[in-house]
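Let's take a walk through one corner of this fold, beginning with a single charged side chain and ending with a pair of packed helices. Keep the model open as you read.

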Amino acid sequence: MNGLMRICLAGIAAMGVTAAASAEPGPLVEPAELKTVLDEQDPIVLDIRGEAYAKGHIDGAVSAPYALFRGPAENPGQLVPEDRLETVYEELGLAMDRPVVIVSEGDTNSDFGAAARVYWTLKSSGFGKLSILNGGTAAWVAAGLPLSKTPVQPQPTELDITWDNRWTAGTDEVASIVKGEREAVLVDARPAGFYEGKQAHDAAERPGTLPGARNLAHSSFFRPDATAISPVDDVAALKSSLGIGEGEEVVSFCNTGHWAATDWFALSELGGIENVKLYPGSMVEYSASGHEMANVPGLVENLLNQFRRSN
């Protein structure tokens, strides 16, 4: 091999390394990868843990408590009004052309739903460069990476957002699916006890699920005792297990759009399944609407379930 060829090949290899190093992360980013991204790029890191931020956070991260992206106590999954979301984003210093990395605590697999719900909210607001730190702050610390106690005061920005309904299902839309007026696969992301009507959220009017729904608990996407979500390796098998046809609409729901966000993220962002929607208000909102439900226990059984929950 002559010297010129060696130089050319070395240059091509260097270009490949540079391109790989500067590539933006995908929907999931691991701690070591995020460390590289922080060193080489300029992402906005949103720490959604709330009070835990002051005890130690990734250096440069902005505190963005999960409550900013949630509804009132009587309907926690309710969408935050668009004008309020816009103000929140501006105060957090978000910009459409900067990558955003969402960081939760990572202490349970349920906690992942918070990061997924924020991701879904940002995506629906028009942000396109989004990632979740897989395993959250717990994974960052477990990887031997440092935390900072220096708070970050973001520089406010000016935005003009428009909510994109492509990934949102409302109560009327869900009711029309239940009535058979439109076709969609309904996916209940809650543990079996909720799906079977043996448990209910405190804010729900009735226990039970949506008629015709398939149960795919959010925990299905995690290895036992793991808090980092697993990759979706066999998308075809997953679609087959849920009865999802090619291009068919899918609606993920739970109690308040939290666990459902994990299913939405796994199906849409990791599995690449198109036309997956999240029902933000979920069963808390639906159970108060008076529409038909399934797996609703009888009066006596319901009273017994309430007694068990209070003891």
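E90 is buried (under 20% relative accessible area with a 1.4 Å probe, protein chains only), yet E90 has no salt bridge, meaning a Lys or Arg side-chain nitrogen within 4 Å of an Asp or Glu carboxyl oxygen. The nearest side chain of opposite charge, R84, is 12 Å away, with Lys and Arg counted as positive, Asp and Glu as negative, and His and chain ends not counted. Leaving aside residues up to four places away in sequence, E90 touches Q155, P156, T157, E158 and L159, where contact means heavy atoms within 4.5 Å.

This is a predicted model, in which local features need pLDDT of at least 70 and side-chain atom pairs count only at pLDDT 80 or more, while totals for chains, interfaces and linings use all residues. Residues are numbered from 1 along each chain as its sequence is written, and side-chain values use heavy atoms, without hydrogens or water.

Now step back to the helix around E90: α3, residues 82–91, a DSSP run of H or I with at least four residues, numbered from the N terminus. Its buried residues are L85, E86, V88, Y89 and E90, and they pack against α4. Just after α3, G93 takes a positive phi of about 80°.

Follow α4 (residues 112–124) onward to α9 (residues 259–270): they pack at about 60°, with axes 8 Å apart. That makes the pair oblique, the class for angles outside under 35 (roughly parallel), over 145 (roughly antiparallel) and 65 to 115 degrees (roughly perpendicular). Among the contact residues are W120 of α4 and W264 of α9.

Key. Helices (H or I, at least four residues) and strands (E, at least two) are DSSP runs, numbered from the N terminus. Buried means under 20% relative accessible area, exposed over 50%, partly exposed in between (1.4 Å probe, protein chains only). Axes are lines fitted to C-alpha atoms, for helices over the stretch in contact, and angles run from 0 to 180 degrees between N-to-C directions.
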